[in-house]
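Student: I have a structure open and some questions about it. Can you go through it with me?

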Amino acid sequence: MKGYSRRLFLQGGVVAAAGVLGAVVPAEPAHTPDRSFVLLRRRWRDVTAGAWVDAGVEPYRTRLGQLGVEAGRFRDAMVLSDLGVWGDLPFPSFVGTPERLLGMARAFVLPGTGVTGDPGLGAAVGAGIDHYRRRVYAVGAEPVGNWWHWRIGVPKRLLDAAVLIGGYLSERQSGGLREAVDYFVPEGWLGSYRGNSTGANRVDLCLVMLLRAMLRADPEKADLAVSALSPVFPLVEEGDGFYRDGSFIQHTFVPYQGAYGSTLLNGIATMFAVLRGSPWEITDERVFDAVERSFAPFIHDGFCMDLVRGRGINRRPYGDHQRGREIAGSILLLGEAARPGVRARWQGMVKGWARRNTHQPMLEAAERDDLAFHARLAAVLDDDAIPAAEEPVGHRLLPMSARAVHRRPGWCAGLSMASDRVGHYEHGNGENLRGWHTGSGMLYWWAAGHGDQYSDSFWPTVDPYRLPGTTVSTRRLPDGAGAGWGDTCPPGRWVGGATDGLYATVGQHLNGLESTMEAFKSWFFLDDAIVCLGAGIASEDGVPVETIVDNRRTETSLTRGENWAYLEGHGGYVVPGEVRTLQEKRTHGQVSRSYATLWLDHGVDPTSAGYFYMLLPGASAEETQARAADLAWVDVLANTARQQAVRIPSLGITAANFWNEGTAGPLTASAPCAVLARENPDGTATVSVSDPRRDLTELTVTWHRPTTKILQSHPLVTNATPGRQLTLTFGDLSHQHGTSITVTISA
């Protein structure tokens, strides 16, 4: 593969990096033996610092000037002592001090900062790195606290800054830093793919090793940095990594595209860009598949859904938008190494996200956070030859991570569940201590204009016992209930469902966190509605059990009618029977937000409670009332702890979650499974079947409906018999990991 293309860099007022750097960066040290590392260092400056942006045009001129002023202020405030590098950042300062030194180093190499190539700034950064290395990050120091700081966070930032300032770190200082990194990040950490050296952590460790190689031209360290990436690319069937269905897991039990996954994608994109055309060029492109299979499903109008953000959901307001920008930036960067058709498709996808993100516009935020991404995104937005992709329509079910995403014109929904392999929630490092019930069937949804529903201080102010869609025991839980780091998996194996890519039936055999509560929950994802069923709800906790129909962050008044409710500008609810409602303002610290809550009270210690309701995202009051009055729109065929099933005549859909073998309406199953049958207007029909428990060696499904012939089958269908009824026999489904098999038939 040839070196990187300058075409994108020359769009939108950007300039080639080599010319800029040649004027402002000190000459490479004379002892550099391998000129390949000269290329790598320049690439690193281009890719990570954005040294190729045009300092003569806005907004870069102003922002670069601000960065220079800030760097000069930090330089002048440095007082090297046993207490710290700066008085306001006392040691150990694992994050603040290395991050500030890196910011100064970037101001040193970026054009137009006013301190570009300034010897005093370069020397100050070098002195600060060495002082921190001797006082904190010293060979033999006890690595107290989080291991991540010692092996990834601190060395990554210190090495990055050292590479950027080049010869302003003396040989003695450089040698001391290299020895410290070798002590805390020995090569053995990249020798086996397990423990803390998997997934995103492995990519970060490879970046540390690559920076270590670049600091003083070490080909063996560069070899290791690239070869150690190899275990990241193959799909996995357990533990950390990417799965065939698009799931990404970190910490063994946590779906994590929106944090660790974002870090992984950025690290790999950076290594692809930096190493292109060098002896260490990466050629394994399997990670390219993850862009659309694993990441894009969880980006909606530019933000990353919280259901794949682990313990980070409560860190800051609009953190979901920040993660969306980071993923978008990584996709554009990785796209420079992709085939032209793939690159164009990704650019159109990111352009669509940026155009639709109105709550925290992506381009404006990038101006504050990442000038290199800003320049790439501006070039894409300004290029009329790149059409902005529309929000896709369809359903993505990821059973291996107990997640589902459903998209329709004007609205989107996401479902978060827990299973025997996916924890209820993750807490750790003092974060997300009350996320207990996020895996209890939390149903997120966004109607048009509500992309900030869960962004604007939702997590610190929402009632953690009343998360939308969940069924929970109201038993009070301590902060950080359950084991840390996501190890809160319930025993239920039946979690998943069946989808034909457009519609879906999804179910969860729910066992409450640190609770005796049990429930069987089903969701049927349709065109303008989500039909929700619950059955077999039982508990012996001595407290009420509730199902939360919704809990919207809004000041809008809730209108109630017979069997229905409506939130203006949000949507409607069809809820037969008694539904309780509450409108309240909730406060956490200095932040207050208003909520409208609807819930069903199943009483204290129910033995076999159930529910039925419909969510109508984006519906008007008139549409909500009309649906509530149309008793024939949905036919509930079964709602028990053995089967839950519905029929939607207008859509030709019959769908069932078989918790046990049996019959539900026209569908019969010989074992627990999920079935979605759909009759099409053209006379064809499809039957989609899955094994959510992942343990069936054989299965027979019968659709009591006349059929004539099989149009498209599947290798795991061992027998298909049309006629007065359709009988499908499946072989071993246990290795399908809960994914759906679809058979097409002629009526």
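Tutor: We will talk about aromatic rings, a pocket and a few single residues.

Student: What kind of model is this, and how are residues numbered?
Tutor: This is a predicted model: local features need pLDDT of at least 70, side-chain atom pairs count only at pLDDT 80 or more, and totals for chains, interfaces and linings use all residues. Residues are numbered from 1 along each chain as its sequence is written, and side-chain values use heavy atoms, with hydrogens and water left out.

Student: How many aromatic pairs are there?
Tutor: The count is 26 aromatic pairs. Rings of Phe, Tyr and Trp (its six-membered ring) pair if their centres lie within 6.5 Å; planes under 30 degrees apart are stacked, over 60 edge-to-face, and the rest tilted. Tyr454 and Phe458 form one edge-to-face pair, 5.0 Å centre to centre with 80° between the planes.

Student: Are Tyr454 and Phe458 buried or exposed?
Tutor: Tyr454 is buried, because its relative accessible area is 4%. Phe458 is buried too, at 1%. Buried means under 20% relative accessible area, exposed over 50%, and partly exposed in between (1.4 Å probe, protein chains only).

Student: Which aromatic cluster holds Tyr454 and Phe458?
Tutor: The cluster is Phe303, Tyr444, Trp446, Tyr454, Phe458, Trp459 and Tyr595.

Student: New topic. Which residues lie nearest the centre of the second largest pocket?
Tutor: They are Asn314, Arg434, Trp459, Pro460 and Pro464, out of 15 lining residues. The elements giving two or more residues to that lining are α16 (458–461) and β21 (580–588). Helices (H or I, at least four residues) and strands (E, at least two) are DSSP runs, numbered from the N terminus.

Student: What classes of residue line the second largest pocket?
Tutor: Six are nonpolar, six polar and three charged. Ala, Val, Leu, Ile, Met, Phe, Trp, Tyr, Cys and Pro count as nonpolar, Asp, Glu, Lys and Arg as charged, and the others, Gly among them, as polar. A pocket here is an open set of points on a 1 Å grid over the protein atoms alone, with protein on both sides within 12 Å along at least five of seven lines; lining residues have an atom within 4 Å of a point.

Student: Where is Thr499?
Tutor: Thr499 is in strand β13 (residues 495–499). Thr499 is buried, at 13% relative accessibility. A polar atom of its side chain lies 3.0 Å from the backbone nitrogen of Gly501.

Student: And where is Ser746?
Tutor: Ser746 is in strand β35 (residues 741–746). Ser746 and Glu679 are 67 residues apart in sequence and 9.5 Å apart in space, C-alpha to C-alpha.

Note on methods
On a 1 Å grid over the protein atoms alone, a cavity is a set of points where a 1.4 Å probe fits but cannot get out, and a pocket is an open set with protein on both sides within 12 Å along at least five of seven lines; lining residues have an atom within 4 Å of a point. A polar contact is a pair of N or O atoms within 3.5 Å; within protein, one must be able to donate a hydrogen and the other to accept it, and residues adjacent in sequence count only if both atoms are side-chain atoms.
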